[in-house]
Amino acid sequence: MTGARLAATVVLLALCAGTAGAGLPTISHEGRSYVELSRVAESLKSRLEATAESTQARLRTATQVVTFTRNWARILVDGAPMLLDAPVVVRKGVWLVPETFMAQVVPKLTVAATTPPAPVLAQVPTPSSAPAATLPAATLPAATLEDLRSRSYPSFTRLVVETSLPVTHRVEPAGARDLRIRLLGLTGAPQLEAINDGLVQEARLERAGADALLRVTFEGAAGELRASTLADPPRLVLDFSRPSPPATRARQGATPLRTIVLDAGHGGHDPGAVGPGGLMEKELVLEVTKRVARMLTERLGVKVLLSRDGDHFVTLRDRTSFANRERADLFVSIHANAHRVVASEGVEVYFLSSEATDNAARQVAAAENSVVQFEKAANGGAAGRSDIVKTILWELAQSEFQSESSRLAETVLDSMTESLRIPNRGVKQAGFYVLGGAAMPAILIEIGFVTNPREERRLKDSRYRDEIARAIVSGLADYKRAWDLRARPAAARTP
Ligand SMILES: [Zn+2]
């Protein structure tokens, strides 16, 4: 296994050496190798537009533009999304990109000037009748399936095939409502992922001689496939786009805010945080969420949907899939904190980032994410891997809504600190898995610390719960007002 990983690394290095940016000094960040984006730009003789404060950076070659977003692995090459295998980071004002950018993206940029490197590990994108035995994958030790997972978005469905070693894939001819993808030399037990999201019905992984065959069945016409590969762990990411994507992008800013999904944390066999007096987070947040729902419907006249309305378990993924299916405008997750320091108190509002604001924020996210490990353990897969959440986060699409989510978080926190007369702890960011799948602005509110005995007593009080609910609602009302103002000019134009 280690030897094979080494072999894969050597191939990447070989690809790297063949391109313009070989030999750039690397910088280690969170255990990964990075290179300075400015040096990459220099080596490509291209222009870099980036500042220490900017959210985005742009690299301009003679003919192409690459857009980077701080803390996100998703980049745009001439508007087309690509995933890096780690997020772009800004450290001490310096923009850093994962070293693998050199092998993964740079060859695509310099393709006009030099011949592309030999596709040693590259995909075979077109249907081919070449026997599998002639392909390099067959000479590697057998790769095994580690995990097959899916995620639904308004405009596409993503399937991720995580394997022990990189695998070559080949799209094979199939019917009008099917796609067949051969994964060369992949072994492992057959798997079925039922999706039923309006586009993809199911994905079935079967044995086919020495290979595995992934059959994707669509509910209607087959979606267009865009495939990309990621390393560490090796993953094949398959995005199927809807034949006619709904106009969700155009919707924001064009119509008034209509639908809010409220997500009460935990439930069922997952109690969440438990206070010294026995107050359970799952009960507290459901009760507060129901109060918020009532007030929102009465005061704002918006449609409010709950991801759970009783004491039952809902996976983190299903919570946002529900919001995406309902085409919600906002996703608001409501939780209560636990902290080893019993004196901790107050409200915190988070939005998603793969980089945490600080250690405390990272711990809060880790606690809220821990339920994923149980979900994964229930169906085998990548159970017990401590990096599973981080891996999954980098595949998600919340990056598009990051600035709007941060604006929503600020508006709600301002309102809460003002009406509850508590110190403003500031908006924080961290890697909350539950927010990752939301295709809309999304925040997570920690309404208080159940582990603080004084705060636990207060959180049991019906009047205080009402105050909290009212504060959240007035924050959402402020945000809706700003949203609807932006929407007005567009709405006025429609007859
Ligand atoms: Zn929680």
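**Exercise 1. Work out why Phe 218 counts as buried, then look at its ring partner.**

Step 1: Start with the cut-offs: buried means under 20% relative accessible area, exposed means over 50%, and partly exposed is in between (1.4 Å probe, protein chains only).

Step 2: Phe 218 has a relative accessible area of 0%, so it is buried.

Step 3: Phe 240 counts as buried too, because its relative accessibility is 0%.

Before going on, know what you're looking at: this is a predicted model, where local features need pLDDT of at least 70, side-chain atom pairs count only at pLDDT 80 or more, and totals for chains, interfaces and linings use all residues. Residues are numbered from 1 along each chain as its sequence is written, and side-chain values use heavy atoms, with hydrogens and water left out.

**Exercise 2. Find how many aromatic pairs there are, and classify two of them.**

Step 1: Here's the rule: rings of Phe, Tyr and Trp (its six-membered ring) pair if their centres lie within 6.5 Å; planes under 30 degrees apart are stacked, over 60 edge-to-face, and the rest tilted. That gives four aromatic pairs.

Step 2: Take Phe 68 and Phe 101. Their centres are 5.6 Å apart with 55 degrees between the planes, and the pair is tilted. Phe 68 sits in strand β5 (residues 65-69) and Phe 101 in helix α3 (residues 101-104), 33 residues apart. (Helices, H or I with at least four residues, and strands, E with at least two, are DSSP runs numbered from the N terminus.) Both Phe 68 and Phe 101 are buried.

Step 3: Now Phe 218 and Phe 240. This pair is also 5.6 Å centre to centre, but with 75 degrees between the planes it's edge-to-face. The pair links strand β17 (residues 211-218), home of Phe 218, to strand β19 (residues 235-241), home of Phe 240, 22 residues apart.

**Exercise 3. List the protein donors of the zinc ion and place two of them in the chain.**

Step 1: Donors are N, O and S atoms within 2.8 Å of the metal (3.2 Å for Na, K and Ca); water is not among the atoms, so sites may look incomplete.

Step 2: His 266 (NE2), Glu 281 (OE), His 335 (ND1) and Glu 368 (OE, listed twice) lie 2.0 to 2.4 Å from the zinc ion. Their spacing in sequence reads H-x14-E-x53-H-x32-E.

Step 3: His 266 is in the loop between β20 (259-264) and α6 (281-300), while His 335 is in strand β22 (residues 330-337), 69 residues away. Both His 266 and His 335 are buried.

**Exercise 4. Describe how strand β20 is covered and paired.**

Step 1: Six of the six residues of β20 are buried.

Step 2: Thr 259, Val 261 and Asp 263 point one way, and Ile 260, Leu 262 and Ala 264 the other.

Step 3: Two strands pair if DSSP finds at least two bridges between them. Four bridges join β20 to the parallel strand β21 (residues 303-306), and Thr 259 stands opposite Lys 303 there.

**Exercise 5. Sort the residues lining the largest cavity.**

Step 1: Six of these lining residues are nonpolar, three polar and four charged. Here Ala, Val, Leu, Ile, Met, Phe, Trp, Tyr, Cys and Pro count as nonpolar, Asp, Glu, Lys and Arg as charged, and the others, Gly among them, as polar.

Step 2: α7 (316-325) and α8 (359-378) each supply at least two residues of this lining.
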